[in-house]
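Work through these exercises with the structure open beside you. Try each task before you read its solution.

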Amino acid sequence: MTNRTRIGIALGLVLFALLTLFAARLVNRAADNNVKYERTFPIMGTVANFTFYGPSDVARAAADRARESFDRTVALCNLYDPESELSRLNKQAAEKPFTCSPELWYLLLEARKAYLFTDGLFDITAKPLMDLWGFYRKRGDVPPGQTEIAQAMAKVGLDKVIFNNVDRTVKFTVPGMSFDLGGIAKGYAVDRAAEAVEKLGIRCGVIDLGGNLRLLQKPPPGQTAYRVGIRNPQKNGQLLDDVLELCNVSLSTSGDYERFVMLGGIKYGHIMNPLTGKPTQAPGSVTVIAPSAMVADWLSTSVFLGGRDLAKRAESAYSGVSVIITDGVGTNP
């Protein structure tokens, strides 16, 4: 074997080794760029779950940003924190106009749109009724009578609130009124979190806030879509037969199988009908699929009360909205 041949073989081996090392680094880099990162924590009276795919440092930063978005929403509208902006509004607005931050003002205007669209079925002023029926403070075993309900109803109705678009203020016209953003705030928080993570370049993953879901633009690695099961409201721990395959959408499910009160031996679900002053007793559920988690949030609650007619109207009025209804909804008190 000549020296030239030996040199050629040696150079070939070196080149092979370099190519192998380069290929290994590419594989490792590809693996590093497709890490599955998960985080779970309690917030807003429920549990949040993040699942992001991407470079490990970016996915971790995305979870931090998403958590910050949730924390800002809590600081904005936590009813149990006297220093939250919503608590300060509820304390002041019956005495004098309350000036809202741009973020709270946006939420209130969206809630007003929902109120008008649903003919009052979605009403953020229903808190006096939630208090009365024992969802926010304990009461005895006896359900409220019609006189008590009528007294609470006198403090309910978004039409009793004065909105000043110029000064960005709200004023209650009846003492004892208050806002409760529980039917819209979680969806809003999910939307803000999704915007934050997508700005960091995360395109694959799921944001879950107590069943308010945002499925990001791209499916999990090796799959064509996210597979989502809907809980069967009549069979605890089981799912409905059909599994949804979706991407780049939000979902919200409303039902009374988890949160309820027992009064006089009767089960009352937590979804309040502000037009009758009584909570739901329906056995079904409503799942709304929409581009916005906030829209899915308030629509699922509203359709649970309004039934199929409202569902059809929502599907016609809102692009990208579809509604899945199980039996028993729209028949509430």
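Two rings of Phe, Tyr or Trp form an aromatic pair if their centres lie within 6.5 Å. Planes over 60 degrees apart make the pair edge-to-face. With that rule, a search of the whole structure finds 13 aromatic pairs. Keep in mind that this is a predicted model.

**Exercise 1. Classify two ring pairs**

Task: Decide whether the pair F41 and F50 is stacked, tilted or edge-to-face.

Solution.
Step 1. A pair of aromatic rings is described by the distance of the centres and the angle of the planes.
Step 2. For F41 and F50, the centres are 5.4 Å apart. The cut-off is 6.5 Å, so the rings count as a pair.
Step 3. The planes of F41 and F50 make an angle of 70°, and the pair is edge-to-face.
Step 4. Check the surroundings. Both F41 and F50 are buried.

Task: Do the same for W298 and Y318, then say which parts of the chain the pair ties together.

Solution.
Step 1. The centres of W298 and Y318 lie 5.9 Å apart, with 75° between the planes. This pair is edge-to-face.
Step 2. Locate the residues. W298 belongs to helix α8 (residues 293-317), while Y318 is in the loop between α8 and β16 (322-325).
Step 3. The pair therefore ties together parts that are 20 residues apart in sequence.
Step 4. Compare the cover. W298 has 3% relative accessibility and counts as buried. Y318 has 25% and counts as partly exposed. The cut-off for buried is under 20%.

**Exercise 2. Follow the rings, then the charges**

Task: Find which residues ring pairs link into a cluster with F41, and which charged end sits over the F41 ring.

Solution.
Step 1. Ring pairs join F41 to a cluster with F50, F52 and F70.
Step 2. Look over the face of F41. The charged end of R67 sits there, 4.1 Å from the ring centre.

Task: Describe how R112 is placed relative to F163.

Solution.
Step 1. R112 is in helix α4 (residues 102-117).
Step 2. Its charged end sits over the ring of F163, 4.3 Å from the centre.
Step 3. Now use the backbone. R112 and F163 are 51 residues apart along the chain, and their C-alpha atoms are separated by 9.7 Å.
Step 4. List the contacts beyond four places in sequence. R112 touches L158, F163 and N165.
Step 5. Is R112 buried or partly exposed? At 26% relative accessibility, R112 is partly exposed.

**Exercise 3. Place two threonines**

Task: Work out where T287 is and what its side chain contacts.

Solution.
Step 1. T287 is part of strand β15 (residues 285-290).
Step 2. With 1% relative accessibility, T287 counts as buried.
Step 3. The T287 side chain makes a polar contact of 2.7 Å with the side chain of T253.
Step 4. Leave out residues up to four places away in sequence. T287 then touches I230, L251, S252, T253, S322, V323 and I324.

Task: Repeat this for T169.

Solution.
Step 1. T169 is in strand β5.
Step 2. Its relative accessible area is 9%, so T169 is buried.
Step 3. Beyond four places in sequence, the contacts of T169 include P97, F98, W105 and F163.

**Exercise 4. Look for disulfides**

Task: Say how many disulfides the structure holds, and why C247 has no bond to C204.

Solution.
Step 1. The structure holds zero disulfides.
Step 2. The closest cysteine sulfur to that of C247 is in C204, 8.1 Å away, which is too far for a bond. A disulfide needs the sulfurs within 2.5 Å.
Step 3. C247 is partly exposed at 24% relative accessibility. C77 is buried at 10%.

**Exercise 5. Cover a helix, then find positive phi**

Task: Name buried residues of helix α3 and the elements that cover them.

Solution.
Step 1. In α3 (residues 85-92), E85, L86, S87, L89 and N90 are buried.
Step 2. Their cover includes α2 (56-77), β3 (98-99), α4 and β5 (169-172).

Task: Locate M44 and R168, two residues with positive phi.

Solution.
Step 1. M44 is not a glycine, yet its phi is about 55°. It lies in the loop between β1 (35-43) and β2 (46-54).
Step 2. R168 has phi near 60°. R168 is in the loop between β4 (161-164) and β5.
Step 3. R168 is partly exposed, with a relative accessible area of 31%.

Note on methods: Residues are numbered from 1 along each chain as its sequence is written. This is a predicted model: local features need pLDDT of at least 70, side-chain atom pairs count only at pLDDT 80 or more; totals for chains, interfaces and linings use all residues. Side-chain values use heavy atoms; hydrogens and water are left out. Rings of Phe, Tyr and Trp (its six-membered ring) pair if their centres lie within 6.5 Å; planes under 30 degrees apart count as stacked, over 60 as edge-to-face and the rest as tilted. Buried means under 20% relative accessible area, exposed over 50%, partly exposed in between (1.4 Å probe, protein chains only). Helices (H or I, at least four residues) and strands (E, at least two) are DSSP runs, numbered from the N terminus. A charge sits over a ring if NZ of Lys or CZ of Arg is within 6 Å of the ring centre and within 35 degrees of the ring normal. A polar contact is a pair of N or O atoms within 3.5 Å; within protein, one must be able to donate a hydrogen and the other to accept it, and residues adjacent in sequence count only if both atoms are side-chain atoms. Contact means heavy atoms within 4.5 Å.
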